[in-house]
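The exercises below ask you to look at a structure one part at a time, and each is followed by a solution that goes step by step. Please keep the sequence and the structure in view while you read.

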Amino acid sequence: MPVTAPLDTDGFVVSATFLGDVAAFASGEGSVFFAGGPETQTPVHKNGLLCATPSLDGKSLITGGGDGKICKVSADGSVEELAEQPRKWIDIIAAGPQDSVAYASGRTAWVRLKSGEIKEFQLPRAFAGLAFAPKGMRLAASRYDGVTLFWVNAAGDPQELSWKGAHSLVTYSPEGKYLVTTMQENALHGWRLADSQDMRMTGYPGKVKSVSWSAKGKYLATSGAQAAILWPFMGKSGPMGQAPLELGVRGDSMVTTVCCHPTEEMVAIGYQDGMVMAVRFHDNAEVLLRRPGAGPVSALAWDKKGNRLAFGTEEGAAGVITLVD
Amino acid sequence: MSEAADSRIPVTVLTGYLGAGKTTLLNRILSENHGTRYAVIVNEFGEIGIDNDLLVESDEEVYEMNNGCICCTVRGDLIRTVENLMKRKGAFDAIIVETTGVADPAPVAQTFFMDDDVRDAARLDAVVAVVDARHVQQRLKDTKEAEDQIAFSDVILLNKTDLVSAEELAGVEAAIRKINPYAKIHHTERCQIAISDVLDRGAFELDRILDLDPEFLKKAEHAHDHECGPDCDHDHDHHHHGHDHKHDHDHPDHECGPDCDHDHEDTHSVKSYSFTVGDLDPKVFFDWINQITQIQGPNILRMKGILSFKDDPQRYVVQGIHMIVEGNHQRDWRDDEKRESRIVFIGRELDGAALKTAFEACVAE
């Protein structure tokens, strides 16, 4: 089994990220913990840390908290406060191009540009998820009954994509051709953006709470079943009419978190019981990376080269697994 | 299931019309030194006078589940907020949800049954309504929500009792009892009440359905099967409220005659019905309860039952909200207990006679 350097955090691991060579773990209690850097822990939010995402340059972690603050945490442990919405819980965050950051609470979302300027966006119902398009300053917001696509800098009416039901997470395929949401019901919904063609991906026994695009956007890996479900997106019509891959099938535990390898056709899979496996797409070959224990896996991240995997669990266990030295 | 301790976070839902005193009750709960740490979900910060880290404002977002059922609604914002709270599991012991005065309590309650993640993390403990003794009669005439809130509640604080006369109070209580004979009613001034009467009630735990409220079904039984005479020697002490025979006249078996002296000015559309029979055929019963909750789900607000299945040594307990029905075996019937099947429906425009006939048809051959 590969070598694991364990680390204890003080709470639910909301996210794991590599900032260069340093692994950063955001804890729900409000701190970010580090492995392999000059600092081991830095307090960020006073009232719980609810969401975190790496900046596009991979050098910092953007966090949102119950104190209404949006912060930028660097590998050296320094914290910069980017914005504050007093008395709001910031539980949705997305990092965009040119150091922009989008965040939301209730029916309002904000985009903070590099200059410090903040733009506000409203919806009649609550924001559920945010994602920047890979190109251009375009922001997708999932919501009840669909997705709204806002232009961040340009004037013009937002584009609406409708599909009945409550949408949660939203993600663009890496080349920007598809937009996919997770739903309150046990399903994904997708749109081919060129013609707004709907794509329905169903059959999950549980809610999908983790999604990850594989290298070059060939597959979208998802949680929500007793295996990682990977929908093929290389054809012209995405996954329509095609069966997904089912990797790391287990009879006794649900998949809670998935994270595709940055270059290889391989996915790291975290389970409800705390187990972590890496599974290769073409032959379903499995490597056990962590034995069960310490709560459901809540966060996974590969380093840039895909040599090391950071993981965290709902009960605060975390660590870095080295596959290739 | 009775053996394993439930480690899920208890959730108390506070309902009540604007101005009834919900915020007063909330401030009282939060300011009392009880050692319990609460996460509080409010619609508006408003006049919550307590500085609490885990006080969160949440816009009520009612979602229809995508299953074609109009009564399968949940609060999307609550799902999110509970998920967020679970990232700080160590920071609090219980959750209180305060709803707006005009809120329908059903989506709030259903959220804790219909969303798997929420259900895994939290359990609905009780729905508590604060009712303004002086204004509730008017509210009941004007609105559907006030009636729903009372019908849905496990605990009712009949508040501001100092602002009404004893006669008015008795009238208000009778009106509440007509809608919901099974909730615990407490008379309060400025929501002064022991916190233990409001929190940790276990009202939705199948295990505690009877333990919690021994009269819950006994009372219903006597309303239907037993005429109280002067020689009655059984216990008429229904604690906290006077024994009101008037509401007993409301049951579906009653034919109103010209001599009837009870109140016919009843504008309430929500009523409760209870029925008692002997051993049931489980297959017939489950077919019926599934069907009736599918068809009449929107009109059934709450349902509870304790059932005796033929040749089954264990009692079966069942409860429901609209179309959601859950049930489980509870424990062995005791030797000193009478084996029987009792069920209660609280709902709007229910056909009591038809329900009774159908329930009786579930009796085992």
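**Exercise 1. Find the bridge partner of A:Phe25 in S4(A), and then describe the strands around that pair.**

Step 1. The residue of S4(A) that forms a bridge with A:Phe25 is A:Phe33. The model in which this pair is seen is a predicted one.

Step 2. Widening the view to the strands, strand S3 (residues 22-27) of chain A runs antiparallel to S4(A), and 4 bridges join the two. The hairpin that they form has 3 residues between the strands, and A:Gly30 in this hairpin takes a positive phi near 125°.

Step 3. S4(A) is also joined to strand S5 (residues 41-43) of chain A, again in the antiparallel sense, by 3 bridges. Here A:Ser31 has A:Pro43 of S5(A) as its bridge partner. In this second hairpin, with 5 residues between the strands, A:Gly36 takes a positive phi near 90°.

Step 4. It remains to ask how far strand S4 (residues 31-35) of chain A is covered: 4 of its 5 residues are buried, so the strand is largely enclosed by the rest of the structure.

**Exercise 2. Describe how S26(A) and S27(A) pair, and say which residue of their hairpin takes a positive phi.**

Step 1. Strand S26 (residues 276-280) and strand S27 (residues 286-290) of chain A are antiparallel, and their pairing extends over 4 bridges.

Step 2. Within this pairing, A:Val279 is placed opposite A:Glu286 of S27(A).

Step 3. The hairpin has 5 residues between the strands, and the residue with a positive phi, near 60°, is A:Asn284.

**Exercise 3. Work out what each side gives to the contact between chain A and chain B, and which charged pairs cross it.**

Step 1. Begin with the residues, of which chain A gives 27 and chain B gives 26 to the contact. Three residues of chain A, namely A:Arg87, A:Trp89 and A:Gln184, supply 24% of the area that chain A buries against chain B, which is more than any other three residues supply.

Step 2. Turn next to the area buried between the two chains, which is about 2500 Å², with 42% of it given by carbon and sulfur atoms.

Step 3. Between chain A and chain B there are 10 salt bridges, and 15 residue pairs are in polar contact, with both residues at pLDDT 80 or more. One of the salt bridges joins the side chains of A:Arg107 and B:Glu61, at 3.1 Å from N to O.

Step 4. Two elements of chain A, strand S6 (49-54) and strand S16 (159-172), give two or more residues to the side that touches chain B. The largest share, 3 residues, comes from S16(A). Sorted by class, this side of chain A has 11 nonpolar, 5 polar and 11 charged residues.

**Exercise 4. For the salt bridge of B:Arg37 and B:Asp93, find where each residue lies in chain B and how exposed each one is.**

Step 1. The two side chains meet at a distance of 3.1 Å, taken from N to O.

Step 2. B:Arg37 is in the loop between helix H1 (22-31) and strand S2 (38-42) of chain B, while B:Asp93 is in the loop between H2 and strand S6 (94-98), so the salt bridge ties together parts 56 residues apart in sequence.

Step 3. A residue counts as partly exposed when its relative accessible area falls between 20% and 50%. B:Arg37, at 40%, is therefore partly exposed, and B:Asp93, at 31%, is partly exposed as well.

**Exercise 5. Decide whether B:Arg75 and B:Asp77 are buried or exposed, and place B:Asp77 in its helix.**

Step 1. The side chains of B:Arg75 and B:Asp77 meet in a salt bridge of 2.8 Å, N to O, and both residues are buried.

Step 2. B:Asp77 is among the buried residues of H2(B), which also include B:Leu78, B:Ile79 and B:Val82. Helix H2 (residues 76-85) of chain B is mostly covered, with 8 of its 10 residues buried.

Step 3. For the chain as a whole, 57% of the 365 residues in chain B are buried.

Key: Residues numbered from 1 in each chain as written. Chains lettered and ligands numbered in written order. Predicted model: local features only at pLDDT ≥ 70, side-chain atom pairs only at ≥ 80, totals over all residues. Heavy atoms only, no water. Contact = heavy atoms within 4.5 Å. Buried area = accessible area lost by both parts, 1.4 Å probe. Salt bridge = Lys/Arg side-chain N within 4 Å of Asp/Glu carboxyl O. Polar contact = N/O pair within 3.5 Å; in protein donor to acceptor, adjacent residues only side chain to side chain. Nonpolar A, V, L, I, M, F, W, Y, C, P; charged D, E, K, R; others polar. Buried < 20%, exposed > 50% of the residue type's maximum accessible area, 1.4 Å probe, protein only. Pairing = 2+ DSSP bridges.
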